[in-house]
Amino acid sequence: MTLQFSLGSSLPDSGPTPCAVVGVFEHGVLTSAAARLDVACGGVVKRMVESGDITGKAGTAVILFAPVDAPAERVVVVGLGAQKGFDAQRYQKVCLEAARAVGRLPVESAVVHLAEIDVPGRDIAWRTRTAALAFDHAAYRYTATFKPKDAKKTPELSAVTITAEAAGERGLVEAAAIATGTRLARELGNLPPNICNPAYLADQAREFADRRVNVECEVLEREEMEKLGFGSLLAVARGSANAPKLIVLQYRGGAEGEKPYAFVGKGITFDTGGISLKPGAGMEEMKFDMCGAAGVLGAFVATVELDLPVNLVCVVPAVENMPDGSAYRPGDVLTSLSGLTIEVLNTDAEGRLILCDALTYTGDRFDPAVIIDAATLTGACVVALGKHATGVMSKHDDLAAEIIAAGEASLDRGWRLPLWDEYQSGLESGFADVANIGGKFGGAITAGCFLARFTEGRRWAHLDIAGTAWDEGRKGLATGRPVPMLVQWLIHRAGQA
């Protein structure tokens, strides 16, 4: 359940609240809200600055309990760092740290006075949206398949008021929709693979469509895909007892007859690597290999929640990659839906094999204005870009620029990698039209080049989210990326930003 957001205009020195959040820069520079609150409670903030208890360093948070004469029962004073050079990234970091500090308190609501802080190049709607999304992200708890050890009925944050002028309302509306989509993506990613299998994803899509009059859902089963010629996707599915699904969602928010935008998401609900078996250590994280599917489903839901005036198609090939006696093998030659033949050199390069058929199907059936796919496709992208940036690949400079701009606006950032024809030679095969892996180097790029062969003549971009879709470690959770980036891109396309 997402947080409830509201816009408030109350000053820090008026109106009771369980918790208020204000900011202080380094060298004792108080924000307007912090200064007003300081006056209301007899100068306690300035005294703590002078004593060194409040430093203002970015990422710090000091909690004042029951300050005298303050209407707030608790005040969280979050450090903003140096005033000079304060930017969007630091603003988001500060909001996240404040949200984590509030999340540790037994409060059900909070009033946040951070949107008043000037962020160069960002308007009030952006500041309210970013603050709200930071609080929602920090408030997320995964409890779907276990009960937390702390079973005490302690209050949890459920409502946040962001103080800002009326123009900030648009930011809260966008935040609520993006938070809903992001939470869906995170929950799908975090669920164990014995629950979140291809049939489960299909059921979630159907249930959402059933609740919306302008959304339709269709699920193609194995038999129909066999008739249509999904030879590449079905090969990956052969080793699993869980039947593959091709999930197709359509949202009609734009003009009738207007070409849709299309999102395609890799839905490998568990990836053992197949016959090219992965190492056992860390294999449990391969439940996250469907985060591309989760991301495009979350972006679809957020788009519908926002009622954006666009037509949107979301296609999810949902498959499990398992090794058994029926599994496909290295050396197999597959015939894809496009008619191109593919030599399998590694069964652990399976994501591109389901995506290529899904991309062909999406292009042929819907003739979309743009196709964007999202996939946890390559470890090579993580090596290249780490955990901070999504790899963005496209042969269309303007489309790549649009996506990267959307990432900057939403702080769900991406970085462009090349798709030069010189890399295509790494996919040459002596036994088929193309091999499913390239050489030793540039693995993220050659994977993108493989997909490019199935999107010829179309405006298409590929997002490799292998580094950004989840946090590593035994307690690492899905991040919900690239929902904010994709939704922001559609907001721009709809002319609403």
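This report walks through some helices, strands, cavities and loops of the structure above.

## Ground rules

This is a predicted model, so local features need pLDDT of at least 70 and side-chain atom pairs count only at pLDDT 80 or more, while totals for chains, interfaces and linings use all residues. Residues are numbered from 1 along each chain as its sequence is written, and side-chain values use heavy atoms, with hydrogens and water left out.

Helices (H or I, at least four residues) and strands (E, at least two) are DSSP runs, numbered from the N terminus. Buried means under 20% relative accessible area, exposed over 50%, and partly exposed in between, using a 1.4 Å probe and protein chains only.

## Two covered helices

Let's start with α4, residues 124-139. Of its 16 residues, 13 are buried, so the rest of the structure largely encloses α4. Its end C-alpha atoms sit 23 Å apart, which agrees with the 22 Å expected for 16 residues at 1.5 Å a residue; that expected span is 1.5 Å times one less than the number of residues. At the N-terminal end, aspartate 123 acts as the cap, with a side-chain oxygen 3.3 Å from the backbone nitrogen of alanine 125.

Helix α13 (residues 443-452) is mostly covered too, with 9 of its 10 residues buried. Among the buried ones are Ile445, Phe450 and Leu451.

## Strands and their partners

Strand β8 (residues 245-252) has 7 of its 8 residues buried, so β8 is largely enclosed by the rest of the structure. Two strands count as paired if DSSP finds at least two bridges between them. β8 pairs with β7 (residues 215-220) in the antiparallel sense over 6 bridges, and tyrosine 251 in β8 is the bridge partner of valine 215. β8 also pairs antiparallel with β11 (residues 311-321), over 8 bridges; here arginine 252 is matched with asparagine 311 in β11.

Elsewhere, 3 strands make an open sheet in the order β12-β13-β17, with mixed pairing. β12 (333-335) and β17 (434-435) are the edge strands, each with a single partner, so one side of each has no neighbour in the sheet. β12 and β13 (residues 341-343) run antiparallel over 3 bridges, and threonine 335 stands opposite threonine 341 in β13.

## A cavity and a pocket

On a 1 Å grid over the protein atoms alone, a cavity is a set of points where a 1.4 Å probe fits but cannot get out, a pocket is an open set with protein on both sides within 12 Å along at least five of seven lines, and lining residues have an atom within 4 Å of a point. The whole structure has 1 cavity of 30 Å³ or more. Its lining includes Ala185, Cys291 and Arg481, and helix α9 (residues 291-306) gives the largest share, 3 residues.

The second largest pocket has a volume of about 640 Å³, where a volume is the space filled by probe spheres set on the grid points, joined across faces, edges and corners. Of its 31 lining residues, Lys278, Asp348, Leu377, Thr378 and Gly379 lie nearest the centre. The elements giving two or more residues to this lining are α11 (379-385) and α13.

## Loop oddities

Arg481 turns up again in a cis peptide bond to proline 482, with omega near 15°. Proline 482 is in the loop between β18 (460-464) and α14 (483-493).

Two non-glycine residues have positive phi: aspartate 367, near 45°, and leucine 411, near 60°. Aspartate 367, in the loop between α10 (351-366) and β14 (370-375), is partly exposed at 35% relative accessible area. Leucine 411, in the loop between α12 (397-410) and β16 (414-416), is buried at 10%.

Definitions and conventions. A polar contact is a pair of N or O atoms within 3.5 Å; within protein, one must be able to donate a hydrogen and the other to accept it, and residues adjacent in sequence count only if both atoms are side-chain atoms.
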